[in-house]
Amino acid sequence: MTASVRPAGGTRTSAVSRWLFLPATLPVAVMSVFRAVPAEWPVLVVQLLAFTPWLAVPATASLVLAFLGRSRWQRVVVLVLIACQSFWLFPLGIREPAAEAAGTTTSFVAMTINAEVGGADVNDIVALVRDRNVDLLVVEEYTPELATRLSAAGLDGLLPHRVSHPKEGAGGGAIYSSFGLREAGVLPDTQFTMPVASLDLGDARDGAALRVVAVHAVAPVGDGVEKWRSDLRELARIDTGSGPLLLAGDFNATYDHREFRSLLDGPTGRRKLVDVASALGSRLVPTWPTRGYLLPGVTLDHLVTSPDVAGRDYSVHRIRGTDHAAVLATLEVRVS
């Protein structure tokens, strides 16, 4: 009998692949542990968790190396990691849409944009509002100078009603609307101003008006991670469990953050909130950064509603002058 001889090149390829498998797989394994365990992780881990969907890239590379390396245990390890990544990319139940609004409904287009310290191009914003027939606009990092430029660009003619708290720097916020607005104060105990307003839907009866919150949670950077968690807890508390609600803005959080998922789940016994992008299968469409950072894109900006608000036609749009994209969706609210 003639013994089979494995080509030397194939042996070298297998050996190299087995060695490369470890540095390719270790980051995926470590971050998978952080993603799976619902702990209050330190700031660096919180920041890295935002990029969890991108772990699919090194995980796929690890799979190729495991098969080239002909290592059974490596194949088992990487298949387990890929199963975890697949579950986190497409978690069960995340695409369940908001409940269909029964009875008479009012439909309108909502939009949110972080203006990056007021630097966003006002002509881009106004053009998007006009072209997409936006009825409700929420602006974060809203400065006095930006307010003046938006008015000069014609926003007041399109959305004449306004609740605004302009501030220098990143702390201001505003809500513009074609519907009537009644100011309901600001969210307490937050670093940035988050205005709260009641949107008059015309035929809405008492208790049926839409409450709108202009969201801007502090970024989880340095010592700000605890304040970021506090901001998200304050946002969760505003849902009383009755009446339609919209939280729109820059949450500085993705679905892969435990804190954001806790916000959606709400307190025990309360209704669950709905991330419109997730419900419509678009949660992986990035909203930041659109410029200025050599980082893969993540979804920090959200439209979050109570389950009695139905969403459709979700889209993301680049705006010049800011590192955040604008987020739009058509929302349907029951008014009787």
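Which residues are exposed on the other side of α6? I will come to that helix in a moment, but please keep in mind that this is a predicted model, in which local features need pLDDT of at least 70 and side-chain atom pairs count only at pLDDT 80 or more, while totals for chains, interfaces and linings use all residues. Residues are numbered from 1 along each chain as its sequence is written, and side-chain values use heavy atoms, with hydrogens and water left out.

The protein chain has ten helices and twelve strands, where helices (H or I, at least four residues) and strands (E, at least two) are DSSP runs numbered from the N terminus. Of its 336 residues, 51% count as buried, and here buried means under 20% relative accessible area, exposed over 50%, and partly exposed in between, with a 1.4 Å probe and protein chains only.

Now to α6, residues 144-152, where Leu146, Ala147 and Leu150 are buried. These three cover an arc of only 105 degrees around the axis, the arc being that of the directions from the helix axis to the C-beta atoms, and so they lie on the same side of α6. To return to my opening question, Thr148 and Ala152 are the exposed residues on the other side. The cover over the buried residues of α6 includes α5 (122-131), β2 (136-140), α7 (155-158), β3 (161-165) and β4 (173-177). After α6 comes Gly154, whose phi is positive, near 105 degrees.

Next, two helix pairs. The axes of α3 (residues 56-68) and α4 (residues 72-89) come within 9 Å and cross at roughly 155 degrees, the axes being lines fitted to C-alpha atoms, for helices over the stretch in contact, with angles running from 0 to 180 degrees between N-to-C directions. That crossing angle makes α3 roughly antiparallel to α4, given that angles under 35 degrees count as roughly parallel, over 145 as roughly antiparallel, 65 to 115 as roughly perpendicular and the rest as oblique. Among the residues making the contact (heavy atoms within 4.5 Å) are Leu63 and Phe67 of α3 and Val78 and Ile82 of α4.

The axes of α8 (residues 224-237) and α9 (residues 258-265) also come within 9 Å, but cross at roughly 10 degrees, and these two helices are therefore roughly parallel to each other. Here Trp228, Arg229, Leu232, Leu235 and Ala236 in α8 meet Arg258, Glu259, Phe260 and Leu263 in α9.
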